[in-house]
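Got your viewer open? Load the model below and we'll walk through it one selection at a time.

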Amino acid sequence: MEEKVILEASHVAKTFFSSKGDTDAIEDVSIQVRENEFLVLLGPGQCGKTTFLNILAGLVKPTSGSLKLDGREIAGRDQRIAMVFQKTGLYEWKTAMENAELGLKYRKVPKAKRREIAQKYLDLVGLHGFENAYPHALSGGMKQRVGIARAYTANPEILLMDEPFGALDAQTRYAMEEEILRIWETEKRTVIFVTNNIEEAVTLGDRVIQFTERPARVKRVYDLKDLTRPRSHVSEEFLRIRQEIAANEELMLE
Ligand SMILES: Nc1ncnc2c1ncn2[C@@H]1O[C@H](COP(=O)(O)OP(=O)(O)OP(=O)(O)O)[C@@H](O)[C@H]1O
């Protein structure tokens with residue numbers, strides 16, 4: 001059975017206009033995102049990935065093109081879409097719990113209820129016992145966990161993740177890749193995850209959409225659904241796909 005398309009971007013383009021010259025960030029990107037899939041957007045640095053994600057989040061207005069969520073056109077921010085940033089954007093003067101429940105507070109959810117929901121997701125991301133910790137007392141990986149809990153707490157249909165592990169050391173990054181898969185398997189949502197790291201893309205994605213250099217276009221789509229999880233970084237299949245994607249990326253950079 002064909003899976004349901006939850007989000008569709010059609011012919012999205014973005015040019016930043018400025019007195020110093022215009023920058024074409026995205027040329028013409030059309031993608032379909034399937035419900036509950038883990039979709040990775042992979043592309044070289046500065047190719048326009050963040051811009052594209054910001055457009056999906058309603059934070060940047062496309063120059064042209066359109067977005068449909070659940071079959072209906074959307075423009076601007078939508079509560080059904082939540083974002084996890086590379087820089088976590090946590091409030092330093094708020095505890096892990098207060099950060100996690102913030103979205104619900106804005107929505108005027110009563111305190112007891114929002115505590116209950118935030119607690120559920122702090123538990124899910126492995127932060128039980130750290131509810132009262134302030135961000136400065138948390139490691140980089142733990143801060144990202146709070147960011148993920150905060151996004152889940154808002155109960156979105158779609159989670160956008162912009163290189164969330166890009167600033168972490170390699171070991172923590174591997175651990176967080178396993179963690180995000182565990183969290184996603186436990187409570188499935190549609191995830192759109194941006195990275196410039198091929199290994200990370202192949203580790204995580206049901207599908208990987210490879211972008212060209214700026215201005216971004218879709219170069220190729222890899223369907224990895226049949227690559228069994230958990231994925232061994234040294235299996236023949238994993239290495240073959242990694243190599244294939246890398247070769248394609250090099251071709252683009254020549
Ligand atoms: N607000 C803006 N005004 C002008 N130019 C911008 C703006 N935001 C992004 N750009 C330009 O658009 C291009 C794409 O940037 P973007 O951050 O989307 O790339 P990226 O693929 O996410 O990069 P990275 O992998 O380094 O995070 C860059 O050349 C950037 O300088």
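We'll start at the ligand, follow one helix, and finish in the nonpolar core.

Keep in mind throughout that this is a predicted model.

**Stop 1: the ligand.** Select the ligand and show what surrounds it: you should get a shell of 14 residues. The closest ones include Phe 16, Ala 25 and Lys 49, along with Thr 50 and Thr 51. Colour the shell by residue class and it splits into nine polar, three nonpolar and two charged residues. Now bring up the secondary structure. Strand S2 (23–34) and helix H1 (49–56) each put at least two residues into that shell. Which element gives the most to it? That's H1, with three residues.

**Stop 2: helix H1.** Stay on H1 and check how covered it is. Of its eight residues, six are buried. Pick them out: Lys 49, Thr 51, Phe 52, Leu 53, Ile 55 and Leu 56. Then step past the end of the helix to Gly 58, which follows H1 and has a positive phi, near 80°.

**Stop 3: the core.** Go back to Phe 52, a buried residue of H1. Phe 52 is also among the residues with the most contacts inside the largest nonpolar core, a set of 63 residues. Add Leu 122, Ala 149, Leu 160, Ile 192 and Phe 193 to complete that list. Next, select helix H5 (residues 140–153), the top contributor to this core with six residues.

**Stop 4: Leu 122.** Centre on Leu 122 and skip its neighbours within four places in sequence. What is Leu 122 in contact with there? You'll find Ala 96, Met 97, Ala 100, Leu 127, His 128, Glu 131 and Ala 149.

Notes
Residues numbered from 1 in each chain as written. Predicted model: local features only at pLDDT ≥ 70, side-chain atom pairs only at ≥ 80, totals over all residues. Core = buried A, V, L, I, M, F, W, Y, C linked by C-beta atoms within 7 Å. Buried ≥ 20, exposed ≤ 12 C-beta atoms within 10 Å, placed from the backbone. Helix = DSSP H or I, 4+ residues; strand = E, 2+ residues; numbered from the N terminus. Contact = placed C-beta atoms within 7 Å. Near = placed C-beta within 6 Å. Nonpolar A, V, L, I, M, F, W, Y, C, P; charged D, E, K, R; others polar.
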